[in-house]
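Q: Please take a close look at one part of this model, starting from a single residue and working outwards. What does that residue meet, and what lies around it?

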Amino acid sequence: MTSRLNRLAVAFLATALATLGVTVANPSPASAAMTICYNTSQAGSYASVANQAASIWNNATVNLTLSANCGSNLRIYRITGGGSYAVRTSLGNGRVYIDTQQAAQYSVLRIMTHEIGHILGLPDNYNGNCALLMSGGSAGTSCTNAYPSSAEASRVSNLFAGTFSATDRSADIFRDSWPSALTSVS
């Protein structure tokens, strides 16, 4: 009970500080409440990028740990065509699809971290602000920021602390945050 109260207090403090515009430098999880096992067996050349993205989320949040190939809460796939997207079946569970054509235009690490953000409970934000990870492709091809803002990280920490609730829908599909691959006009 005390451990849960401590996690809730930390989550509340992080939210309050983020609301006031105070940034806390990469809090590390003292004791993660949940481990999300991700599987990269279908990620091909993007397996190492998935590991980098998991490390980014692990360093930015509390109350969860992403761990490689210990199970399949999250499956990561490499695809060609159709766009990068995420399918969240429940908080911390789902599939991420990384499109090789988009990865050739945009930062593949930003795409991967963004799509995993959906699995962790974050929606798209199409405001074009490169400082916000969940702005996705609306920030343009020159944006390579793969790190969640303090507010985005705090939101994920709070979701996994049980402070906020995710949507009640059984499955959410997040598409179209990355404009389709450019085609040449003849």
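**A residue and its surroundings**

A: Start with Ala153: it is in contact with Trp57, Ala60, Thr61 and Pro148 (heavy atoms within 4.5 Å), leaving aside its neighbours within four places in sequence. The model is predicted, so local features need pLDDT of at least 70 and side-chain atom pairs pLDDT 80 or more, while totals for chains, interfaces and linings use all residues. Numbering runs from 1 along each chain as its sequence is written, and side-chain values use heavy atoms, without hydrogens or water.

Ala153 sits in helix α5, residues 150-161 (helices are DSSP H or I runs of at least four residues, strands E runs of at least two, numbered from the N terminus). Its relative accessibility is 6%, so Ala153 counts as buried (under 20%; exposed is over 50%, partly exposed in between, with a 1.4 Å probe and protein chains only). Leu122 is 31 residues away from Ala153 along the chain. Their C-alpha atoms are 9.4 Å apart.

Now follow Trp57. It belongs to the α2 side of a helix contact, along with Val49, Ala50, Gln52, Ala53 and Ile56. On the α4 side stand Val108, Leu109, Met112, Thr113, Ile116 and Gly117. Helix α2 covers residues 47-60 and helix α4 covers residues 108-119. Their axes come within 9 Å and cross at roughly 55° (lines fitted to C-alpha atoms over the stretch in contact, N-to-C angles from 0 to 180 degrees). That crossing makes α2 oblique to α4 (not under 35, over 145 or 65 to 115 degrees).

Next comes the loop between α4 and α5, where Gly121 is placed. Gly121 has 11% relative accessibility, so it counts as buried too. Setting aside neighbours within four places in sequence, Gly121 is in contact with Arg88, Leu91 and Leu159. Take Arg88: it is 33 residues from Gly121 in sequence. In space, C-alpha to C-alpha, the two are 8.2 Å apart.

Arg88 brings in strand β4, residues 85-90. This strand holds Tyr85, which is buried because its relative accessible area is 13%. Two aromatic pairs deserve a look here. The count comes to 2 aromatic pairs (ring centres within 6.5 Å). Tyr77 and Tyr97 are stacked (planes under 30 degrees apart), at 5.0 Å centre to centre and 15° between the planes. Tyr77 comes from strand β3, residues 74-79, and Tyr97 from strand β5, residues 93-99. These partners are 20 residues apart, so the pair links distant parts of the chain. Tyr97 has 14% relative accessibility and therefore counts as buried. Tyr85 and Tyr97 form a stacked pair as well, with 4.6 Å between centres and 20° between planes. Tyr85 is in β4 and Tyr97 in β5, so this pair ties together parts 12 residues apart in sequence. Ring pairs thus join Tyr77, Tyr85 and Tyr97 into a cluster.

Finally, the whole chain. The protein chain has 5 helices and 6 strands. Along the sequence they follow α-β-α-β-β-β-β-α-α-α-β. Of the 186 residues, 44% are buried. Among contacts with a separation of 6 or more, 66% are between residues 24 or more positions apart.

Notes
Phe/Tyr/Trp six-rings, centres within 6.5 Å; stacked < 30°, edge-to-face > 60°.
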